[in-house]
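I opened this notebook to keep track of what I look up in the structure. The entries follow the order in which I looked.

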2 protein chains.
Amino acid sequence: MPDSFKGDNTDAGDLPVTDAFLRRYIGYRMKRAYVHIHSNAQAAIETFGLRVTTSSALHIIVENPNLSQSQLSLALSIERSRAVLLVDELEKLGLITRNRVPQDRRSYALRATPAGEALLEKVVESLIRHEETLLAGLTAAEKTQLAGLLDKIERRAIDARKAGA
Amino acid sequence: MPDSFKGDNTDAGDLPVTDAFLRRYIGYRMKRAYVHIHSNAQAAIETFGLRVTTSSALHIIVENPNLSQSQLSLALSIERSRAVLLVDELEKLGLITRNRVPQDRRSYALRATPAGEALLEKVVESLIRHEETLLAGLTAAEKTQLAGLLDKIERRAIDARKAGA
DNA sequence: TATTGTTATACTCTATAACTATA
DNA sequence: TATAGTTATAGAGTATAACAATA
């Protein structure tokens, strides 16, 4: 525990409340930044009747035509049971289709419909614009730096988990 | 939509599934990095019978003795109704106490017990060690940079919301 | 036996509204 | 009337286990 402890402040009534202890963790700062990034993206996406999660699934399906639900789960690091619901939703919206695979009748080949591809185009445009606005305080170099640092954290975490397992 | 579209891949069967479309968003990369940071912190904290959220509340309460539940909510950017449950949990564990305030009998003054302060010391130590390990791939300069960029994003988002409201 | 998709359950976090007791 | 705390409810995300169909 740091020795910057305040004494027993019996009258903290309306003193400003600080979070310096928590600011020592990068994770805390990332959570606080991410909350804003997420709600910013959510706002952009819900204009089109989707949420961040369903939009992400649509991104992956458009990019990887004929992938299976298991592959979708892996790509998004979600459970297969969760993928079922996301695919259900996108299918009901007419944005993707589930297609039986003759070679392996257990799995589906997921494909976006023309409507799905068209909608994704609009979503992408809106998302990029929204993120550019939100991150307008960062230079291009800073954004590249940030992306690189985040990737490095993710890669190292994955490697560490593999080594541990 | 980028023109890097793949053709109709009728046999995507076991091709690697990519997420390049999503990697264009800093938010996506941040989410992926944060998932690991969060579970790393969770693992450190649950050794002591807490979760990330309750641990955060304990941090704030130890740092700001006699704060109210409303102040706690503000500090953590959570709803007051959520703070009730976190405080309930910490109180049941004997880590903090709710104390009536004579000047305003509506509110409580939250204070950590000696047990709460002692436990937080151990939690902090473990959290710092865990985060250092997870972020061992980053130099000290990179960590400082990352923290600064995250703060900048948060501050700008808050300012933008204020300006918009 | 193992895998794909599915259903069901439970837990956490979030968001909202309504209520009480105080002010 | 406004605020502090509380209760209740609903939605979203996550984690887990079990099951049917297929491999």
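How do the residues of the surface near DNA strand D divide into nonpolar, polar and charged? I am working from a predicted model. I find two nonpolar, seven polar and ten charged residues on that surface.

**Entry: DNA strand D**

I looked up which residues come nearest to the strand. Of the 19 residues around DNA strand D, these are Arg51(A), Arg82(A), Arg105(A), Ser70(B) and Arg98(B). I note that 65% of the strand's atoms within 4 Å of the protein are accounted for by sugar and phosphate.

I then took polar contacts one at a time. The side chain of Arg51(A) has an N or O atom 2.7 Å from a phosphate oxygen of DNA strand D. Ser70(B) uses a polar backbone atom, which is 2.6 Å from a phosphate oxygen of this strand. Arg80(B) goes to a base: a polar atom of its side chain is 2.8 Å from a base nitrogen of DNA strand D. As for elements, helix 5 of chain A and helices 4 (69-76) and 5 of chain B each give two or more residues to the surface near this strand. Helix 5 of chain B gives the most, with three residues.

**Entry: DNA strand C**

I repeated the search for the other strand. DNA strand C has 19 residues around it, and Ser70(A), Arg80(A), Arg98(A), Arg51(B) and Arg82(B) come nearest. Sugar or phosphate makes up 66% of the strand's atoms within 4 Å of the protein, and bases make up the rest.

For Ser70(A), I find a backbone N or O atom 2.6 Å from a phosphate oxygen of DNA strand C. Thr53(B) has a polar side-chain atom 3.0 Å from a phosphate oxygen of the strand. Arg106(A) places a polar side-chain atom 3.0 Å from a base oxygen of DNA strand C. Two or more residues each come from helix 4 (69-76) and helix 5 (80-92) of chain A and from helix 5 (80-92) of chain B. Helix 5 of chain A gives the most to this surface, with three residues. By class, I list two nonpolar, seven polar and ten charged residues near DNA strand C.

**Entry: the largest pocket**

I turned to the pockets. The largest has a volume of about 970 Å³. It is lined by 42 residues, of which Tyr28(A), Lys31(A), Arg32(A), Val35(A) and Leu76(B) are closest to its centre. Helix 2 of chain A supplies the largest share of the lining, eight residues. I class the lining as 18 nonpolar, 15 polar and nine charged residues.

**Entry: the second largest pocket**

This pocket has a volume of about 770 Å³. Of its 33 lining residues, Ser56(A), Leu76(A), Tyr28(B), Lys31(B) and Arg32(B) are closest to the centre. Which element gives the most to this lining? I find that helix 2 of chain B does, with seven residues. The lining divides into 15 nonpolar, eleven polar and seven charged residues.

**Entry: the record**

Last, I checked UniProt, where an unreviewed entry lists "domain: HTH marR-type" for residues 23-155 of chain A. Over these residues I find the chain to be 69% helix and 8% strand, with the end C-alpha atoms 24 Å apart.

Key:
Residues are numbered from 1 along each chain as its sequence is written. Chains are lettered from A and ligands numbered from 1 in the order in which they are written. This is a predicted model: local features need pLDDT of at least 70, side-chain atom pairs count only at pLDDT 80 or more; totals for chains, interfaces and linings use all residues. Side-chain values use heavy atoms; hydrogens and water are left out. A residue is near a molecule or strand if one of its heavy atoms lies within 4 Å of it. A polar contact is a pair of N or O atoms within 3.5 Å; within protein, one must be able to donate a hydrogen and the other to accept it, and residues adjacent in sequence count only if both atoms are side-chain atoms. Helices (H or I, at least four residues) and strands (E, at least two) are DSSP runs, numbered from the N terminus. Ala, Val, Leu, Ile, Met, Phe, Trp, Tyr, Cys and Pro count as nonpolar, Asp, Glu, Lys and Arg as charged, and the others, Gly among them, as polar. UniProt positions are given in the numbering used here, feature names are shortened, and annotations may be inferred rather than shown by experiment. On a 1 Å grid over the protein atoms alone, a cavity is a set of points where a 1.4 Å probe fits but cannot get out, and a pocket is an open set with protein on both sides within 12 Å along at least five of seven lines; lining residues have an atom within 4 Å of a point. Grid points are joined across faces, edges and corners, and a volume is the space filled by probe spheres set on the points.
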